[in-house]
Amino acid sequence: MSGRTIIPFGPQHPVLPEPIHLDLVVEDEKVIEAIPRIGFIHRGLERLVEKKDFIDFVYVAERICGICSFIHGMTYCLAVEEVMKIEVPARAQYLRIVWSELSRIHSHLLWLGLTADAFGFESLFMQSWRLRELILDIIEETTGGRVIFGSAKVGGVRRDISAEKMQEIVKKLRSYQKEMDDIGKVFLGDLTVQHRLRGVGVLSTASAKALGAVGPMLRASGVSSDIRMMGYSSYGTLDFAPIVEQDADCYARCKVRIRELDQSVGLIESAASKMIDGPIDVKVTGTPNGEFFARSEQPRGEVIYYAKGNGTKFLQRMRVRTPTFANITPLLETLKGCQLADVPVIVLTIDPCISCAER
Amino acid sequence: MAQEIMDITLGELMDKARKYQAQGFRLVQICCTKLPDTLELQYSFDKEYDFKSLRLTLPDASTPVPSISGVYLPAFLYENEIHDLFGINVHGMAVDYKGHFYMTAIKTPFNQPAQAEEKKA
Amino acid sequence: MGALSKSPWIIHYDGSSCNGCDIEVLAALMPRFDLERFGVINTGNPKHADILLLTGSINEQNKSVVKNIYDQMPHPKVVVAVGICATSGGIFRECYNVQGGADKVVPVDFYVPGCAVRPEALIDAAVAAVALLDKKRDAMKAGKA
């Protein structure tokens with residue numbers, strides 16, 4: 001009875017909003033190995049830099065992924081600004097933090113919902129997404145978009161948030177925090193949920209490091225690493241520490257994200273208190289000449305933007321390494337030896353964003 | 001934020017990768033850039049926010065490049081990617097998709113001159 | 001209204017979208033917008049589905065997948081192209097691997113604009129799709145009789 005079978009998983013699969021394909025080599029119900037096949041969403045947008053100039057390309061960068069859209073746009077701007085030696089005004093930097101953290105909150109709530117769906121807790125799924133809508137309301141009020149903000153630009157941001165509005169946002173977030181706590185309690189305290197998450201998909205600290213895991217996946221394996229600690233865009237002036245968990249299973253990854261919800265609310269609050277009046281952008285003159293690797297922390301982990309310019313208005317090369325791409329190898333490791341029924345939950349705990357990964 | 005990019009030769013690649021691995025660096029990414037006459041490979045490593053890059057210049061895509069997936073397993077994804085998109089001849093990858101990693105309408109799209117693409121439409 | 005239009009089942013497939021439209025499709029099914037009040041259920045099985053929601057553009061690798069899902073759906077069926085990418089390729093139409101909108105491989109009945117699409121627009125599309133489902137079913141019956 002122990003013959004090996006290959007079970008194809010995806011690309012169209014009920015738990016996946018996006019297509020990824022895994023060939024699961026199974027022995028009875030146990031997964032021996034997983035071989036990924038990607039490329040279903042590959043568009044080749046990195047080559048668009050040859051057709052859109054470095055200012056216009058922000059729009060493309062924002063559309064690499066519709067969930068962490070703002071941070072994509074912002075990181076692209078960070079890369080170009082560093083190449084061109086542009087100093088972004090302080091107010092714009094704090095506004096970037098506010099929108100980045102709002103993105104993180106909505107992305108984590110989205111993930112919590114999808115995970116609840118993956119382990120079959122439909123009402124928890126709905127509750128998480130109901131809460132997410134409240135965050136989207138704030139985003140829509142401040143940027144005009146629900147998922148694509150269109151607010152980042154080279155040299156600053158496009159929109160301002162007034163002081164009164166900022167206070168109102170902080171107040172709203174404080175009141176939502178209680179609701180987030182409530183769903184957090186279900187995720188972390190409910191027995192049936194724990195039964196699905198605890199001890200499932202363990203990624204040891206050593207393998208997390210060796211396989212290059214990033215983001216919550218890495219922090220849940222006991223490694224303290226958060227690119228925000230590098231202090232880009234004034235994160236350095238805020239007081240916070242990476243959120244680390246030691247259990248290294250799906251439960252720990254869930255816990256990291258739930259704790260990050262609180263952290264993000266705190267960061268928005270301190271960014272709001274430090275925001276001083278001033279311009280929100282600077283005029284951009286000249287063209288990029290040089291190269292730089294910009295790094296930032298997305299909800300899913302570290303993202304890298306490499307920009308290389310040769311003094312014309314079209315960049316020579318723009319490359320994105322997204323967190324999901326880095327987390328694929330660790331995912332394959334965690335799938336080894338798991339039960340077939342746990343595959344969807346484990347795949348979801350890396351918070352896969354396939355459109356990011358394949359560009 | 002200063003970034004260190006070190007130029008290396010093809011022969012040094014494996015030694016450097018092993019050295020970084022021994023020091024506890026993780027592989028951040030491998031990136032390929034097509035320049036007018038040459039191709040450039042950049043290997044980036046990171047350890048506690050310390051970011052280092054190695055730059056390898058290749059005269060053309062057919063120059064054989066050893067895979068570092070024996071040292072850093074995740075490298076196989078990046079190497080398959082640059083093999084499919086740029087046509088770089090990487091050998092010895094831990095998992096070799098043999099050009100089926102990305103399925104693209106045209107072969108090695110990043111290594112084509114810009115005009116070639118216009119015809120597609 | 002027949003049984004079909006009282007409870008049309010939808011299937012969603014992400015062509016090569018940026019996720020923006022996909023999460024809006026899901027958001028439309030959530031309590032705030034509640035597409036389910038029209039009896040709509042999101043299914044993962046093409047053979048159960050009446051309406052195909054396609055997001056994202058068509059590329060080399062996914063065209064066979066999209067075609068396959070469409071072929072597996074029972075008649076009558078309605079295809080909705082969600083978002084500007086599924087309509088024409090959108091901002092990515094110049095990419096080397098993007099062939100264009102969903103209508104390159106399957107016949108599209110409704111185009112929903114937006115980048116990303118808004119859930120309200122999706123509700124409109126679903127209501128229009130239901131009406132068309134009835135029409136198609138009637139036409140099928142007439143053809144058989």
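**Helices and strands in a two-chain predicted model**

Biologist: How do you know that the length of helix H10 (residues 323-335) of chain A agrees with what its 13 residues should span?

Modeller: The expected span is 1.5 Å times one less than the number of residues. For the 13 residues of H10(A) that gives 18 Å, and the end C-alpha atoms are 18 Å apart, so the two agree. This is a predicted model, where local features need pLDDT of at least 70, side-chain atom pairs count only at pLDDT 80 or more, and totals for chains, interfaces and linings use all residues. Side-chain values use heavy atoms, with hydrogens and water left out, while residues are numbered from 1 along each chain and chains are lettered from A.

Biologist: What makes this a helix, with a number in its name?

Modeller: Helices are DSSP runs of H or I with at least four residues, strands are runs of E with at least two, and both are numbered from the N terminus.

Biologist: Where is the kink in H10(A)?

Modeller: A kink of about 35° lies at A:Thr329, shortly before the proline A:Pro330. The bend is the angle between axes fitted to the seven residues ending at a residue and the seven starting there.

Biologist: What makes you call H10(A) mostly covered?

Modeller: Twelve of its 13 residues are buried. Buried means under 20% relative accessible area, exposed over 50%, and partly exposed in between, with a 1.4 Å probe and protein chains only. Among the buried residues are A:Phe325, A:Ile328 and A:Leu332. Just after H10(A), A:Gly337 has a positive phi of about 85°.

Biologist: Why is H2(B) called largely enclosed by the rest of the structure?

Modeller: Eleven of its twelve residues are buried, so the description fits. Those buried residues pack against several elements, including H10 of chain A and strand E3 (39-47) of chain B; contact means heavy atoms within 4.5 Å. Just after H2(B), B:Gly87 takes a positive phi of about 75°.

Biologist: How do you know that E3(B) and E4(B) pair?

Modeller: Two strands pair if DSSP finds at least two bridges between them. Nine bridges join E3(B) to E4(B), and these strands run antiparallel. Here B:Phe45 stands opposite B:Lys52. The two strands form a hairpin with two residues between them, and B:Glu48 in the turn has a positive phi of about 45°.

Biologist: In what sense do E1(B) and E4(B) pair?

Modeller: Strand E1 (residues 4-8) pairs with E4(B) in the parallel sense over five bridges, and B:Ile5 stands opposite B:Ser53.
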